[in-house]
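Please look through the following structure with an eye to its nonpolar cores, its aromatic contacts and its annotated domains. The model is a predicted one.

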Amino acid sequence: MRILLVASAFNSLTQRVHAELREHGHQVGVELALGDEALRARIAEFRPELILAPMLTTAIPEDVWTAHTVLIVHPGPKGDRGPSSLDWAIHEGAPEWGVTVLQAVAEMDAGPIWASEPFPVAACGKSELYRNEVADAAVRAVLTAVHRFATGGFEPEPLDYDRPDVRGRLRPYHEQRYRRIDWAADDTATVLRKLRAADSQPGVLDELFGREYFLHGGHREDRLRGTPGAVIATRDGALCRATADGAVWLPQLRSRRAPGGPPTFKQPAVAALGADLPADVPEVPVSPIEAATRDTWSELRYREENEVGYLEFAFPGGAMSTGQCRRLLAAYRYACTRPVGVLVLGPARDFFSNGIHLNVIEAAADPAVESWHNINAMNDLVEAILTTTDKLVVSALAGNAAAGGVLLALAADEVWCRESVVLNPHYRLMGLHGSEYWTYTLPRRVGTAAAERLTNEALPVGARAAAALGLVDRTLPGDAAQFWSRVRQDAENLSAATELADRLVQKKRRRAADEAIKPLSAYRAEELAQMRRNFFHPGEPYHQLRRNFVHKVRPAATPSHLTIAR
């Protein structure tokens, strides 16, 4: 069918639905919700058989939903209505929630129901839940609804609060008064629920050292204690703040926007505070090995099981600053000294990586210089993986990856993806040529023609399509826990296999042969020459595109690469 996606943003769920529908053979167009007239014009041009809204914060015009079937994806169970569904579910500690696909009518979220799928509410932030359990349930519900529409004869279920399976209700917007933390009285579990319900937007409004900030993210601390509300430690840019019965880590802050002032954006917490952070707050480091055995916050964890090393990294939003790249590189180099034959890289659940940290760059005194430092730090990390010849390295993607993060994954010998993963192996939407040795690793996996198409089309690629292209080696079904269970089993099998030694010998020979044809240093120099121009030349679009991204500037029109039905 011809299906038009209407969305307030081309976010992770919209990309996932886009990729899934294309894999099922549908022609898919996208129209961002930038105005009723633009939507009407797009519908007239595209002539969709079905309109689907995976993520929408505005109403569809009446003349559109009366003339076309418009299906809305709502992140709540049957009967749930309102703009803060997930916020309430997490805030109230719901063990299970749901996603419902309903038909657009005059009253918001009150239309006939085409499909509904439940999901367990994991103990994590709202954005992580959205990209995992919510997205998985949403795709199941969307595919069910699309099939029912395509085959005909299905009568959607009217919303009826007297039905026993209709458990939701109309809820108000989750205002800051519901989110406010009482540091003297709230226990750690309560604080975490409030923080997680506000992540990544809008954050929890709070006061630190006489100024107002929005708090983003929240992680339990198992040992440190202090006066409730006090900032008692820092670690790798995050703050540790005492609760009534323990402490939590706050990785990111966003200063409150002044009336009439410029928009603000999330930054690492210590950087956001700047000189306001008292000098006597101690930095309390934790090694990746220690972090793997504790219930504390750390971006890095390392453990070994059955002759396999696991280096876990988890950066907020998947972005990797210069400092984060360097810390990960140090942890990787340590892992390389360990007596294991197989090394697995990747986070437990969320983003694998999205490349350089645009927010940190935006906040820098000289964004061009910081961009240069950041891309070189990413290159150092990728080079270290590419030149590891005494271990088999596996990238395990339980979550999405984009730009340089995809190329970080491709530096490994094998790439294993959860079936729900979406990859964006391109840079051009940020006005960048790209680096991280992509001109070496991408063509050797998919060929020159496919590499050119992927980078120029700038469209998301689902895991199954990526496997068909050769972009990844294996896709595994199930949720994140099931994915990692299979990863551990397969990694242990690789480590115990008699042919591992032969594979490592072949790997070393192949690296030497590739180096003789064209050294890695040549790929790096060519890519960085282009990137230097992108960063420092006054006529390049990168800096404005970065500002637009960081400050969430709405585009004037739907980008042309999204409008084509493929």
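**Cores, rings and domains**

In this predicted model, the largest nonpolar core comprises 68 residues, and Y332, L397 and L423 have the most contacts inside it. Helix α12, spanning residues 367-386, contributes the most to this core, with nine residues. Nonpolar side chains tend to be buried together in soluble globular proteins. L397 shows what surrounds one of these well-connected residues: beyond its neighbours within four places in sequence, L397 touches F352, A409, V415, W416, C417, R418, V421, L423 and F483. A second core, separate from this one, has 38 residues, among them V30, L86, W97 and V142.

W416, one of the contacts of L397, also takes part in a contact with a charge: the charged end of R474 sits over the ring of W416, 4.4 Å from its centre. Elsewhere, R2 lies over the face of F46, with 4.3 Å to the ring centre.

The structure also contains eleven aromatic pairs. Such a pair of rings is described by the distance of the centres and the angle of the planes. For W114 and F154 the centres are 5.5 Å apart and the planes are at 45°, which makes the pair tilted. W114 belongs to strand β6 (residues 113-120), while F154 is in the loop between α5 (126-151) and α6 (176-179), so the pair ties together parts that are 40 residues apart in sequence. Are the two partners buried or partly exposed? W114 counts as buried because its relative accessibility is 6%, under the 20% limit. F154, with a relative accessible area of 27%, is partly exposed. Ring pairs join W114, F149 and F154 into a cluster.

Two annotated domains come from an unreviewed UniProt entry. The record places "Formyl transferase N-terminal" at residues 35-145. Over residues 35-145 the chain is 40% helix and 23% strand, with the end C-alpha atoms 26 Å apart. "Formyl transferase C-terminal" is placed by the record at residues 179-255. There the chain is 14% helix and 42% strand, and 17 Å separates the end C-alpha atoms.

A last stop is S298, in the loop between α9 (288-291) and β15 (300-305). Where does the side chain of S298 reach? It reaches the backbone oxygen of L300, at 2.7 Å. S298 is buried, at a relative accessible area of 9%. Setting aside neighbours within four places in sequence, S298 is in contact with V286 and A291.

Key: Residues numbered from 1 in each chain as written. Predicted model: local features only at pLDDT ≥ 70, side-chain atom pairs only at ≥ 80, totals over all residues. Heavy atoms only, no water. UniProt positions renumbered as here; feature names shortened; annotations may be inferred. Helix = DSSP H or I, 4+ residues; strand = E, 2+ residues; numbered from the N terminus. Core = buried A, V, L, I, M, F, W, Y, C linked by side-chain atoms within 4.5 Å. Buried < 20%, exposed > 50% of the residue type's maximum accessible area, 1.4 Å probe, protein only. Contact = heavy atoms within 4.5 Å. Polar contact = N/O pair within 3.5 Å; in protein donor to acceptor, adjacent residues only side chain to side chain. Phe/Tyr/Trp six-rings, centres within 6.5 Å; stacked < 30°, edge-to-face > 60°. Lys NZ or Arg CZ within 6 Å of the ring centre and 35° of its normal.
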